[in-house]
Amino acid sequence: YTIEARLDPEKRTIAGTLVLEWRNTSDRALSAFPFHLYWNAFRKNLSTTARGEGRRAPGDRRREERTFGWTQVKSVRLLGATGQDSTIQDLTPTIRYLNEDGNTDDRTVMEVRTAQPIAPGETRRFRIEWDALVPHGSIGRAGWVHDYHFIAQWFPKIGVFSKGEWN
C-alpha cells in the first residue's frame, strides 16, 4: 500500500487515497475483490456490530452520535499493469456491499469486480479514494478522546484469498 491521507482533528475526519499493488498468489483467475471497511461497523445503528449481533458488539445499544464512524469509498480504479499499459478501469460502478448475514444495512465489506480476471501470478494496482469519520474512543479499538486520536483499521483493506475463498 502507498497511502496519502489527511486527518482533520476539528471535524474528526480523514480524507485519503491509496494505491494497492496486489499480486494474485492463488492458482485461479480472480475478478471479484472484497475490501474491509472496518469503521462502517460504527455506522449509525445499522451494521451487524452496532445492532448487537457481531462478536464486537457494543454493550449499550443506545449509542451517542459521537460514537458513530464510517468509511465512504468515493472511487475505485484498476490501474494498468505495472510497467505496461496505462489503461485505467473505473470499478466504482461495480461497488456492492456483501451481507452474508442478511443485514443489507451492513457495509463493512465492499466488493468490486474487474472486467477481465486477474490471472495467477499477475500483479495489478487498485487506486481507492475515500473519506472517513473517526468514531469516539469509547467504542472499538480506534477513535478520538478529547484531542487524542488513535487511528487503527482506518483504510480500505483487501481481503485475503486462501483455500479457494476470500476472507
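The points below concern the sheets, the aromatic pairs and two backbone outliers of a predicted model.

1. The five-stranded sheet. Five strands make up an open sheet whose order is β1-β2-β8-β4-β5, and the pairing within it is antiparallel. At its edges stand β1 (2–8) and β5 (88–90), each of which has a single partner strand, so one side of each is left without a neighbour in the sheet. Direction ignored, neighbouring strands of this sheet are turned against each other by 20 degrees on average.

2. The pairing of β1 with β2. Strand β2 covers residues 13–23 and runs antiparallel to β1, to which it is joined by seven bridges. For a reader who wishes to check the register on the model, one point of reference is Thr2, whose bridge partner in β2 is Val19.

3. The four-stranded sheet. A further open sheet is formed by four strands in the order β6-β7-β3-β11, and here too the pairing is antiparallel. The edge strands are β6 (96–97) and β11 (157–158), each of which pairs on one side only. As a general matter, the strands of a sheet pair through backbone hydrogen bonds, in either a parallel or an antiparallel arrangement.

4. Strand β3 and its two partners. With β7 (residues 109–118), β3 pairs in the antiparallel sense over six bridges, and within this pairing Ala32 stands opposite Arg113 of β7. With β11, strand β3 (residues 30–36) is joined by two bridges, again with the strands running antiparallel, and His36 stands opposite Lys157 in β11. Six of the seven residues of β3 are buried, so this strand is largely enclosed by the rest of the structure.

5. The aromatic pairs. How many aromatic pairs does the count give? With ring centres required to lie within 6.5 Å, the count comes to nine aromatic pairs. One of these deserves separate comment: the rings of Trp130 and Trp154 have centres 6.1 Å apart and planes at 50 degrees, so the pair is tilted. Trp130 belongs to strand β8 (residues 123–133), whereas Trp154 lies in the loop between β10 (148–150) and β11, so the pair ties together parts that are 24 residues apart in sequence. Trp130 itself has a relative accessibility of 0% and therefore counts as buried.

6. The aromatic cluster. One aromatic cluster is formed by Trp22, Phe33, Phe35, Phe126, Phe161 and Trp166. Set against the strand ranges, Trp22 falls within β2 (residues 13–23), Phe33 and Phe35 fall within β3 (residues 30–36), and Phe126 falls within β8 (residues 123–133).

7. Two residues with positive phi. Most residues other than glycine have a negative phi, and two exceptions may be worth inspecting in the model. His146, although not a glycine, has a positive phi of about 55 degrees; this residue lies in the loop between β9 (143–145) and β10. Is His146 buried or exposed? With a relative accessible area of 66%, where exposed means over 50%, His146 is exposed. Lys163 likewise has a positive phi of about 55 degrees without being a glycine, and its place is the loop between β12 (161–162) and β13 (165–166). At 84% relative accessibility, Lys163 also counts as exposed.

Note on methods. Residues are numbered from 1 along each chain as its sequence is written. This is a predicted model: local features need pLDDT of at least 70, side-chain atom pairs count only at pLDDT 80 or more; totals for chains, interfaces and linings use all residues. Side-chain values use heavy atoms; hydrogens and water are left out. Two strands pair if DSSP finds at least two bridges between them. Buried means under 20% relative accessible area, exposed over 50%, partly exposed in between (1.4 Å probe, protein chains only). Axes are lines fitted to C-alpha atoms, for helices over the stretch in contact, and angles run from 0 to 180 degrees between N-to-C directions. Rings of Phe, Tyr and Trp (its six-membered ring) pair if their centres lie within 6.5 Å; planes under 30 degrees apart count as stacked, over 60 as edge-to-face and the rest as tilted.
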